[in-house]
Amino acid sequence: MTNRSNKAAVPEAKSALNRFKFEVASELGVPLSDGYNGDLTSRQNGSVGGYMVKKMIEAQEKQMAGK
C-alpha cells in the first residue's frame, strides 16, 4: 500500500499551500528556505505544520459560523 499522506488532496492548491507555509514560517520566525531545510529542528518544522493546521481550522470555523 502506498503512503499518500504527503499528497495534496487538491493538486491545484499546492502553490497556495507552499506560500502559506512560508508565510507561517515567517510569522513564527522559522528560517525556512526554498529547497533543503534539513538543518531545521523537528520542533521548528512541527511548529510550522501545527500552526498551519490551527489557522486552517480557525478559517473553516469562521466560514461555517457565517453560514
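**Exercise 1. Find how much surface the chain exposes and what share of it carbon and sulfur atoms supply.**

*Solution.* Start with the total: in this predicted model, the chain exposes about 5,700 Å². Next, split that area by atom type: carbon and sulfur atoms supply 54% of it. Then turn to the inside: of the 67 residues of the chain, 13% count as buried.

**Exercise 2. Decide whether the chain is spread out or a compact globule.**

*Solution.* First list the secondary structure: the chain has two helices and zero strands. Now compare two numbers. The radius of gyration is 14 Å, while the globule rule gives 11 Å for 67 residues. The chain's value is well over that of the rule, so the chain is more spread out than a compact globule. For a second view, take the box along the principal axes: the C-alpha atoms fill roughly 45 × 35 × 20 Å. Finally, look at the contacts between residues at least 6 apart in sequence: 44% of them join residues at least 24 apart.

**Exercise 3. Work out which residues the salt bridges join into one network.**

*Solution.* A little background helps here. Side chains of opposite charge can pair when their charged atoms come close. The cut-off is 4 Å between a side-chain nitrogen of Lys or Arg and a carboxyl oxygen of Asp or Glu.

Step one is the count, which comes to two salt bridges.

Step two takes E23 and K55, whose side chains meet with an N to O distance of 3.7 Å. E23 lies in helix α1 and K55 in helix α2, so this pair ties together parts that are 32 residues apart in sequence.

Step three takes K55 and E27, whose side chains meet at 3.1 Å, N to O. This pair also links distant parts of the chain, with K55 in helix α2 and E27 in helix α1, 28 residues apart.

Step four puts the pieces together: the bridges share partners, and E23, E27 and K55 form one network.

As a last check, ask how open these residues are. E23 is partly exposed at 42% relative accessibility. E27 is partly exposed too, with a relative accessible area of 44%. K55 has 23% and is likewise partly exposed.

**Exercise 4. Say whether V24 is buried or exposed, and which residues V24 touches.**

*Solution.* Begin with the location: V24 sits in helix α1. Its relative accessibility is 0%, so V24 counts as buried. Now set aside residues up to four places away in sequence; V24 then touches V48, Y51, M52 and K55. K55 is already familiar from its salt bridge with E23. For a distance to try in your viewer, take the C-alpha atoms of V24 and E58: these residues are 34 apart along the chain, and the atoms are separated by 14 Å.

**Exercise 5. Describe the surroundings of N37 in the loop between α1 and α2.**

*Solution.* Helix α1 covers 14–28, and N37 is found in the loop between α1 and α2. Check the accessibility next: N37 has 16%, and the limit for buried is under 20%, so N37 counts as buried. Then look for a polar partner: the N37 side chain reaches the backbone oxygen of S33 at 2.7 Å. Leaving aside neighbours within four places in sequence, the contacts of N37 are P31, L32 and N45.

**Exercise 6. Identify the nonpolar patch on the surface and the helix that gives the largest share of it.**

*Solution.* The patch is formed by L17, V53, M56 and I57, and together they have about 320 Å² of accessible area. Sort these residues by element: helix α2, residues 42–65, gives the largest share, with three residues. V53 is placed in helix α2 and is partly exposed, at 43% relative accessible area.

**Exercise 7. Classify A9 and R43 as buried or exposed, and find a C-alpha separation for each.**

*Solution.* Take A9 to begin with. A9 lies in the segment before α1 and counts as exposed at 81% relative accessibility. The C-alpha atoms of A9 and Q60 are separated by 16 Å, with their positions 51 residues apart along the chain.

Continue with R43, which is found in helix α2. R43 is exposed, with a relative accessible area of 73%. Its C-alpha atom and that of A16, 27 residues apart along the chain, are separated by 23 Å.

Definitions and conventions: Residues numbered from 1 in each chain as written. Predicted model: local features only at pLDDT ≥ 70, side-chain atom pairs only at ≥ 80, totals over all residues. Heavy atoms only, no water. Patch = residues over 30% accessible without salt bridge, like charges linked within 9 Å, V, L, I, M, F, W, Y side chains within 5 Å. Areas by Shrake-Rupley, 256 points an atom, 1.4 Å probe, with all protein chains shown as cover. Helix = DSSP H or I, 4+ residues; strand = E, 2+ residues; numbered from the N terminus. Buried < 20%, exposed > 50% of the residue type's maximum accessible area, 1.4 Å probe, protein only. Polar contact = N/O pair within 3.5 Å; in protein donor to acceptor, adjacent residues only side chain to side chain. Contact = heavy atoms within 4.5 Å. Rg over C-alpha atoms; globule rule 2.2 N^0.38 Å.
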